[in-house]
Amino acid sequence: MAWDEWEQLKADAQSRPQGGARMQLNHLPDGPGGGSPALPGQTGDLKVSQHGLAKIGSAAHTLYNHLWDKARLSSTSVDSAAGDLTTQGFALGPGLQHVSNRWETQLNSLMDACAQISNHMQATKKIHAGDDAYIQRQTSSIDTLDAGFDERVGKPGDHNPVYASPGSKKN
């Protein structure tokens, strides 16, 4: 979009009456999935499956590999070209070197982020699998503990024989 066109759009927007339709940038509509925060009771529980975590980690790992294979510049050829252009007096030489250095810095940052995401998803899978197992053990031990406090070990209505006196028969 040309600068003049942008200025014209701004002038058109300012000349419209305030009650009419307006252009608004950088805003999401209100409501579910929109820009305003959800009200209490409208949010759901965060549910993540091991399969979902594995897909995210795998995608990050795949992106890392593609960046490694296809996005890296041959620094020797770029440095050589930049040096040749500089010695020949072209201003493009230092510019090419600057772009090459910047590209490497940004690419390394992106690859580090992909590696961290991939590693984090693997660690998250292991941690949550351990948490799930721990919760299951705790829940099953609570069931066992509850059964020990249940007064009705036998048929409903019968007394628990554990609480009877050794020589007495109480009904």
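Does Ser100 count as buried or exposed, or, put better, which of the two labels does Ser100 get at its relative accessibility? Okay, that's where I'd like to start today. Keep in mind that this is a predicted model.

So, Ser100 has 4% relative accessibility, and the cut-off for buried is under 20%, so Ser100 counts as buried. This serine is in helix α4. What does Ser100 touch, once you leave aside neighbours within four places in sequence? The answer is Leu73, Val78 and Asp79. And while we're there, look at Arg72: its C-alpha atom is 10.0 Å from that of Ser100, with the two positions 28 residues apart along the chain.

Now slide along to the other serine I picked, Ser118. Ser118 is in helix α4 too. With a relative accessible area of 5%, Ser118 is buried. Again leaving out neighbours within four places, the contacts of Ser118 are Gly57, Ala60 and His61.

That takes us over to α2, which runs 50-71. Quick check on the helix: it has 22 residues, and at 1.5 Å a residue they should span 32 Å; the end C-alpha atoms are 30 Å apart, so that agrees. Which residues of α2 are buried? Those are Leu53, Gly57, Ala60, Leu67 and Ala71. They cover an arc of only 110 degrees around the axis, so they sit on the same side of α2. As a reminder, an α-helix has 3.6 residues a turn, so residues three or four places apart point the same way. Turn to the face away from that buried side and you get exposed residues: His51, Lys55, Asp69 and Lys70.

Next up, the core. The largest nonpolar core has five residues, namely Leu67, Ala71, Leu107, Met111 and Cys114. Both α2 and α4 (92-149) supply at least two residues each. Which helix gives the largest share? That's α4, with three residues.

Let me finish on one core member, Cys114. Not counting residues up to four places away in sequence, Cys114 touches Ala60, Leu63, Tyr64 and Leu67. Leu67 is itself in the core, and Ala60 is one we've already met, as a contact of Ser118 and as one of the buried residues of α2.

That's my tour, thanks.

Terms used. Residues numbered from 1 in each chain as written. Predicted model: local features only at pLDDT ≥ 70, side-chain atom pairs only at ≥ 80, totals over all residues. Heavy atoms only, no water. Core = buried A, V, L, I, M, F, W, Y, C linked by side-chain atoms within 4.5 Å. Buried < 20%, exposed > 50% of the residue type's maximum accessible area, 1.4 Å probe, protein only. Helix = DSSP H or I, 4+ residues; strand = E, 2+ residues; numbered from the N terminus. Contact = heavy atoms within 4.5 Å. Expected span 1.5 Å × (residues − 1). Arc of directions from axis to C-beta.
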